[in-house]
Amino acid sequence: MPEFRKNENDDRIDRPPVYRILLIAFLIWTAHFAVSYGGVLVFPESGIARLIAIIAGLIAVVALLLQFRRLPGPRSPLSLGALGLAGAAIFFGTFPAIIG
């Protein structure tokens, strides 16, 4: 049997850590947005919605920092860019809740 056919039935997908970090960064961003937006929908024009957005923002930033620390060296520019973009989006998504 040729060498290329041996792995044809292998269902395992190996993804490099770069793509895993890329996916995790955008999942954290999405979760932050969903929680913040959900807080505004459940508690419209309330201080509770602002508090939910701020706490969700802090948790999301901490999660991004933990992912940054887990990156193996040398760090890929793509994964650093994804973490930076997600961090900026989380900051600018939470900023309106902070200023009122």
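Which backbone oxygen does the side chain of Thr94 reach? The side chain of Thr94 reaches the backbone oxygen of Ile90, at 2.8 Å. Welcome to this predicted model, a protein of 100 residues with four helices and zero strands. The points below start with the overall layout and then visit a core, a pocket and a handful of individual residues.

**Overall layout**

- Reading from the N terminus, the elements follow the order α-α-α-α.
- Helix 2 covers residues 17-42 and helix 3 covers residues 47-70, while helix 4 takes in residues 77-99.
- Of the 100 residues in the protein, 23% are buried.
- Take the contacts between residues at least 6 apart in sequence: 68% of them join residues at least 24 apart.

**The largest nonpolar core**

- Ten residues form the largest nonpolar core: Ile21, Ala25, Ile28, Ala60, Leu64, Leu71, Ala82, Leu83, Ala86 and Ile90.
- Three helices, namely helix 2, helix 3 and helix 4, each give this core at least two residues.
- Helix 4 provides the largest share of this core, with four residues.
- A general tendency fits here: in soluble globular proteins, nonpolar side chains tend to be buried together.
- Ala60 is a good member of the core to look at, as its contacts include the core residues Ile28 and Ile90.
- Ala60 is also in contact with His32, again leaving aside neighbours within four places in sequence.

**The largest pocket**

- The largest pocket holds about 250 Å³ of space.
- Its lining consists of 18 residues, and those nearest the centre of the pocket are Ser36, Val40, Ala53, Gly93 and Ala97.
- Helix 2, helix 3 and helix 4 each contribute at least two residues to the lining of this pocket.
- Here helix 2 has the largest share, with six residues.
- Sorted by class, the lining is made up of eleven nonpolar, five polar and two charged residues.

**Thr94 and Ser36**

- Is Thr94 buried or exposed? Thr94 counts as buried because its relative accessible area is 6%, under the 20% cut-off.
- Thr94 sits in helix 4, and Ile90, whose backbone oxygen its side chain reaches, is part of the largest nonpolar core.
- Setting aside neighbours within four places in sequence, Thr94 has contacts with His32, Ala53, Ile54 and Gly57.
- Ser36 belongs to helix 2 and is one of the residues nearest the centre of the largest pocket.
- With a relative accessibility of 11%, Ser36 is therefore classed as buried.
- Which residues does Ser36 touch, not counting those up to four places away in sequence? Ser36 touches Ala53 and Ala56.
- Ala53 thus turns up among the contacts of Thr94 and among those of Ser36, and Ala53 is also one of the residues nearest the pocket centre.

**The start of helix 2**

- Pro17 lies in helix 2, and its 35% relative accessibility makes it partly exposed.
- From C-alpha to C-alpha, Pro17 and Arg70 are 9.8 Å apart in space, with their positions 53 residues apart in sequence.
- Val18 is in helix 2 and is partly exposed, at 23% relative accessibility.
- Val18 and Leu71 are likewise 53 residues apart in sequence, and their C-alpha atoms are 8.4 Å apart in space.
- Beyond neighbours within four places in sequence, Val18 is in contact with Ser76, Leu78 and Ser79.
- Tyr19 is placed in helix 2, and Tyr19 is partly exposed, with a relative accessible area of 47%.
- How far apart are the C-alpha atoms of Tyr19 and Ser79, which are 60 residues apart along the chain? They are separated by 7.5 Å.

**Glu45 in a loop**

- Glu45 is located in the loop between helix 2 and helix 3.
- Its relative accessible area is 87%, so Glu45 is exposed, the cut-off for that class being over 50%.
- The phi of Glu45 is near 50 degrees, which is a positive value in a residue other than glycine.
- For background, most residues other than glycine have a negative phi.

Technical notes: Residues are numbered from 1 along each chain as its sequence is written. This is a predicted model: local features need pLDDT of at least 70, side-chain atom pairs count only at pLDDT 80 or more; totals for chains, interfaces and linings use all residues. Side-chain values use heavy atoms; hydrogens and water are left out. Buried means under 20% relative accessible area, exposed over 50%, partly exposed in between (1.4 Å probe, protein chains only). A polar contact is a pair of N or O atoms within 3.5 Å; within protein, one must be able to donate a hydrogen and the other to accept it, and residues adjacent in sequence count only if both atoms are side-chain atoms. Contact means heavy atoms within 4.5 Å. On a 1 Å grid over the protein atoms alone, a cavity is a set of points where a 1.4 Å probe fits but cannot get out, and a pocket is an open set with protein on both sides within 12 Å along at least five of seven lines; lining residues have an atom within 4 Å of a point. Grid points are joined across faces, edges and corners, and a volume is the space filled by probe spheres set on the points. Ala, Val, Leu, Ile, Met, Phe, Trp, Tyr, Cys and Pro count as nonpolar, Asp, Glu, Lys and Arg as charged, and the others, Gly among them, as polar. A nonpolar core is a set of buried Ala, Val, Leu, Ile, Met, Phe, Trp, Tyr and Cys residues joined through side-chain atoms within 4.5 Å.
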